[in-house]
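Q: I have a model open and would like to learn how to read it. Where should I start?

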Amino acid sequence: MRTGRGPIGVIGIDDDRTGPLLTPDQRRLLDALMDQGARRSNGATSGGHGSRQTYRGVGSLALGALTSISHDLKTPLASVLGAASTMRDLASGLTDTEKRDLLATVIDESERLNRFIANLLDMTKLESGAIVPNTALHDIGEIIGSVLRRAGKILAHHNVSLELAADMPMLDLDAVLFEQVLLIY
């Protein structure tokens, strides 16, 4: 993440799958989120813009997220349907371990789908003004630490390295909404 003052942070993505990590739509969304975060950081130290102006771009961000997230909504749904169908059709031939694994898939992917839907609803509420961002100065490292703890189960088999600039300024943002942006997975 870069500002006019130079780099302020690094975002890394890792996945065990082969091929591209992100679709072009997901990459555009990530770039937009990084730009928003960098602008927000730059504004926090240079007098910046009021929270109303900062969150004006959220509408277009929400639209971009909606476009790119359609695939992400279908993936957990397909996993749930596949696991449930397998249990229905092949239950008698499955071991107890296989049944537990399939049920774990149904639960994990249902929770993931629930998070996606909740995030979409929150973006819609934010766009309509039903949610007013509760901004305050926050340490971005603490927010990212919280996100990493919440995503621990998903990140269990990945190496995560976080490097923030030592002079990283406090950011004027809504910590809860920012965590949701980082937890879109």
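The turns below go from the overall fold to single residues and their pairings.

Q: How many helices and strands does the protein have, and in what pattern do they follow along the sequence?

A: Begin by noting that this is a predicted model. The protein contains seven helices and four strands. Along the sequence, their pattern is β-β-α-α-α-α-β-α-α-β-α.

Q: What share of the residues is buried?

A: A residue is called buried when its relative accessible area is under 20%. Of the 185 residues in the protein, 31% are buried. As for the outside, the accessible surface comes to about 11700 Å², and carbon and sulfur atoms account for 56% of that.

Q: What part of the contacts joins residues at least 24 apart?

A: Take the contacts between residues at least 6 apart in sequence: 76% of them join residues at least 24 apart. A single case can be picked out on the model. L162 and I11 are 151 residues apart along the chain, yet their C-alpha atoms are separated by 7.8 Å. L162 is placed in the loop between α6 (152-155) and β4 (171-173), while I11 is in the loop between β2 (6-7) and α1 (24-45).

Q: Are L162 and I11 buried or exposed?

A: The class between the two applies here, for residues that are neither under 20% nor over 50%. L162 has a relative accessible area of 38%, so L162 is partly exposed. I11 is also partly exposed, because its relative accessibility is 38%.

Q: Which residues make a nonpolar surface patch with I11?

A: I13 and L21 do; with I11 they form a nonpolar patch of about 220 Å² on the surface.

Q: How many salt bridges are there, and why do such pairs form?

A: Side chains of opposite charge can pair when their charged atoms come close. The structure holds four salt bridges. One of them is between K153 and D108, at 2.8 Å from N to O. K153 belongs to helix α6 and D108 to helix α4 (residues 96-128), so this pair ties together parts that are 45 residues apart in sequence.

Q: How accessible are K153 and D108?

A: K153 is exposed, because its relative accessible area is 60%. D108 has 28% relative accessibility and therefore counts as partly exposed.

Q: Which other salt bridges can I look at?

A: Try R112 and E109, whose closest N and O atoms are 3.0 Å apart. Both residues lie in helix α4, three residues apart, which is about one turn of the helix. R112 and E109 are both buried. Another salt bridge joins R88 to D89, with 2.8 Å between the closest N and O atoms. R88 counts as exposed because its relative accessibility is 63%.

Q: What does the side chain of E179 meet in a polar contact?

A: The partner is R150, and the polar contact between the two side chains is 2.7 Å. E179 is part of helix α7 (residues 175-182). With a relative accessible area of 13%, E179 falls under the 20% limit and so is buried.

Q: Which residues is E179 in contact with, leaving aside its neighbours within four places in sequence?

A: Apart from those neighbours, E179 is in contact with I143, S146, V147 and R150. R150 thus appears in this list and in the polar contact with E179.

Note on methods: Residues are numbered from 1 along each chain as its sequence is written. This is a predicted model: local features need pLDDT of at least 70, side-chain atom pairs count only at pLDDT 80 or more; totals for chains, interfaces and linings use all residues. Side-chain values use heavy atoms; hydrogens and water are left out. Helices (H or I, at least four residues) and strands (E, at least two) are DSSP runs, numbered from the N terminus. Buried means under 20% relative accessible area, exposed over 50%, partly exposed in between (1.4 Å probe, protein chains only). A polar contact is a pair of N or O atoms within 3.5 Å; within protein, one must be able to donate a hydrogen and the other to accept it, and residues adjacent in sequence count only if both atoms are side-chain atoms. Contact means heavy atoms within 4.5 Å. A salt bridge is a side-chain nitrogen of Lys or Arg within 4 Å of a carboxyl oxygen of Asp or Glu. Accessible areas come from the Shrake-Rupley method with a 1.4 Å probe; for residues, only the protein chains shown count as cover. Patches are made of residues with over 30% relative accessible area and no salt bridge: like charges are joined within 9 Å, nonpolar side chains (Val, Leu, Ile, Met, Phe, Trp, Tyr) within 5 Å.
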